[in-house]
Amino acid sequence: MTSRSGEWDLSESRIRIAPSLLSADFGRLAEDVGRIEAGGAEVLHLDVMDGHFVPNISFGVPVIEKLRPTSKLFFDTHLMITDPLKYAGPFAKAGSDLLTFHIEVAPEPMAIIEHIRSLDINVGITLNPGTPASAIAPAVEAVDLVLVMSVWPGFGGQAFIASSLDKLREIRTLLRPDQRLEVDGGIDRTTVAAAVRAGADTLVAGSAVFGQPDPIKAMIELQELAEAAR
Ligand code: DX5
Ligand code: ZN
């Protein structure tokens, strides 16, 4: 499925850095997003936190809705919320191109996947560091993307959990070439190559992009390191 903005075809297996809005300047979101878009980004990772599934609150529907007309980036929305079924509709309507939900809050993942598909956008599934790959295995063939959390969700700037590499390798074996494997948390110059070698093709980076003095330079360096590791 192609993004609404037409910029990112998920079925194409290329290395992509996905800058995370969580580390942008919340007083100047549109400018920060515009900068990385001008610098060649294709995808923006949007971390939605409800203060319930995770111990932090970030932003919600109105922020995404206001950013949408300012950008052609593929909006990769990561729902760290307790009730994805209830809120998928509003987040799709706000302009998300992909909604990723957590298996930990989805006793019936197929119902959520079908609902998100009915909204005519892409669907991803994700799992926390403490959740085994086997938890998502029954649903994997029905999604466009699997997101492996390489930190406990809730905050940017945490250290990469090394055991995530084994999980990436394990999940990679479950995926078709048209499905993406994304990794989120602690991706920087020192960890990006190992994540790619373990099978990740889509690399979320918050602090390592927006947290840097020159976010575009930092993003391009990560992209080059990732491509060299493939
Ligand atoms: C963490 C979020 C991440 C976060 C990553 O809960 O899901 O997307 O922005 O931040 P860094 O790249 O700083 O670890
Ligand atoms: Zn995220």
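Reader: Which residues is Val-146 in contact with, leaving aside its neighbours within four places in sequence?
Author: They are Ile-125, Ile-136, Val-140, Ile-171, Leu-175, Arg-180, Leu-181 and Glu-182, where contact means heavy atoms within 4.5 Å. A word on the basis: this is a predicted model, with local features needing pLDDT of at least 70 and side-chain atom pairs pLDDT 80 or more, while totals for chains, interfaces and linings use all residues. Side-chain values use heavy atoms, without hydrogens and water, residues are numbered from 1 along each chain, and chains are lettered from A and ligands numbered from 1 as written.

Reader: What makes His-78 count as buried or exposed?
Author: Buried means under 20% relative accessible area, exposed over 50%, and partly exposed in between (1.4 Å probe, protein chains only). His-78 has 0%, so it is buried. Asp-184, at 8%, therefore counts as buried too.

Reader: Which residues are the protein donors of the zinc ion (ligand 2)?
Author: Happily, that is a short list: His-45 (NE2), Asp-47 (OD), His-78 (ND1) and Asp-184 (OD), at 2.0 to 2.3 Å. Donors are N, O and S atoms within 2.8 Å of the metal (3.2 Å for Na, K and Ca); water is not among the atoms, so sites may look incomplete.

Reader: Why is the site of the zinc ion (ligand 2) called octahedral?
Author: Six donors count as octahedral if opposite ones are over 155 degrees apart and all others between 65 and 115. The six donor atoms here make angles of 69 to 169 degrees, and the site is octahedral. For comparison, ideal angles for six octahedral donors are 90 or 180 degrees.

Note on methods. Tetrahedral: all angles 85-135°; square planar, octahedral: opposite > 155°, others 65-115°.
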